[in-house]
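Subject: Structure for you to look at

Hello,

Here is the structure I said I would pass on. Please open it next to this email and follow the notes below.

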Amino acid sequence: YMGTMMRMDGSRPRLEVAGGRARLKEATALVERTVATYDIQAVSVPQEKMGVVMGWKGVQKTSVEDETGVLIDIPPKTTAPGRVFLVGPAEARTAAAGPT
């Protein structure tokens, strides 16, 4: 098998590369270019609205992640109360954050 494959393990992406050195070099360059455009944005969300961000069984969060390509990290409220972190390119983060 020659090529690359992206798999999602829960909300954590995992990249698998199979093939020779040329494929590995190609995949490494692609990952580096992609990651270079990513950043983290903290968004304040009132604690009582956190359920709206998640949705029933996480459906809303997953839907926004799928539509925008942004990873939404909601830490435990004891760690960062009222904060949601968006990880991805600036344009996608803006789309995921919604209207201000």
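Val45 counts as buried because its relative accessibility is 14%, and buried means under 20%. Please keep in mind throughout that this model is predicted. Val45 sits in the loop between β3 and α2 (50–54). Leaving aside neighbours within four places in sequence, Val45 is in contact with Met50, Val53, Gly82 and Val84. Val84 is a useful one to find: 39 residues separate Val45 and Val84 in sequence, but their C-alpha atoms are 6.8 Å apart in space.

Which residues make up the largest nonpolar core? There are 10 residues in all: Val43, Val45, Met50, Val64, Val70, Ile72, Val84, Leu86, Ala92 and Ala96. Both β5 and α4 supply at least two residues each to this core.

Now the sheet. Three strands form an open sheet in the order β3-β5-β4, and the pairing is antiparallel. β3 (39–44) and β4 (71–73) are the edge strands, each pairing on one side only. From one strand to the next, the twist averages 25°. As background, strands of a sheet pair through backbone hydrogen bonds, in either a parallel or an antiparallel way.

The two pairings can be followed one at a time. β3 and β5 are antiparallel and share six bridges; in this pairing, Ile40 stands opposite Val87 of β5. On the other side, three bridges join β4 to β5 (residues 83–88), again antiparallel. Here Leu71 is the residue opposite Val87.

Which side chains of β5 are buried, and which are not? They alternate along the strand: Val84, Leu86 and Gly88 point to one face and are buried, whereas Arg83, Phe85 and Val87 point to the other face and are not buried. Val84 and Leu86 are also on the list of core residues above.

Helix α4 (residues 90–97) packs on the sheet and touches β3 and β5. The direction of α4 makes about 145° with that of β5. For one residue of the core, Ala96, the contacts are Val64, Thr68, Val70 and Leu86, not counting residues up to four places away in sequence.

Thr68 belongs to helix α3 (residues 59–68). Its side chain reaches the backbone oxygen of Val64 at 2.7 Å. A polar atom of the Thr68 side chain also lies 3.2 Å from the backbone nitrogen of Val70. Beyond its neighbours within four places in sequence, Thr68 is in contact with Ala92, Ala95 and Ala96.

Last, look at helix α1 (residues 21–36). How many of its 16 residues are buried? The count is one, so to speak of α1 as hardly covered is fair. From first C-alpha to last, α1 reaches 22 Å, close to the 22 Å expected at 1.5 Å a residue.

Regards

Key:
Residues are numbered from 1 along each chain as its sequence is written. This is a predicted model: local features need pLDDT of at least 70, side-chain atom pairs count only at pLDDT 80 or more; totals for chains, interfaces and linings use all residues. Side-chain values use heavy atoms; hydrogens and water are left out. Two strands pair if DSSP finds at least two bridges between them. Helices (H or I, at least four residues) and strands (E, at least two) are DSSP runs, numbered from the N terminus. Axes are lines fitted to C-alpha atoms, for helices over the stretch in contact, and angles run from 0 to 180 degrees between N-to-C directions. Contact means heavy atoms within 4.5 Å. The expected span of a helix is 1.5 Å times one less than its number of residues. Buried means under 20% relative accessible area, exposed over 50%, partly exposed in between (1.4 Å probe, protein chains only). A nonpolar core is a set of buried Ala, Val, Leu, Ile, Met, Phe, Trp, Tyr and Cys residues joined through side-chain atoms within 4.5 Å. A polar contact is a pair of N or O atoms within 3.5 Å; within protein, one must be able to donate a hydrogen and the other to accept it, and residues adjacent in sequence count only if both atoms are side-chain atoms.
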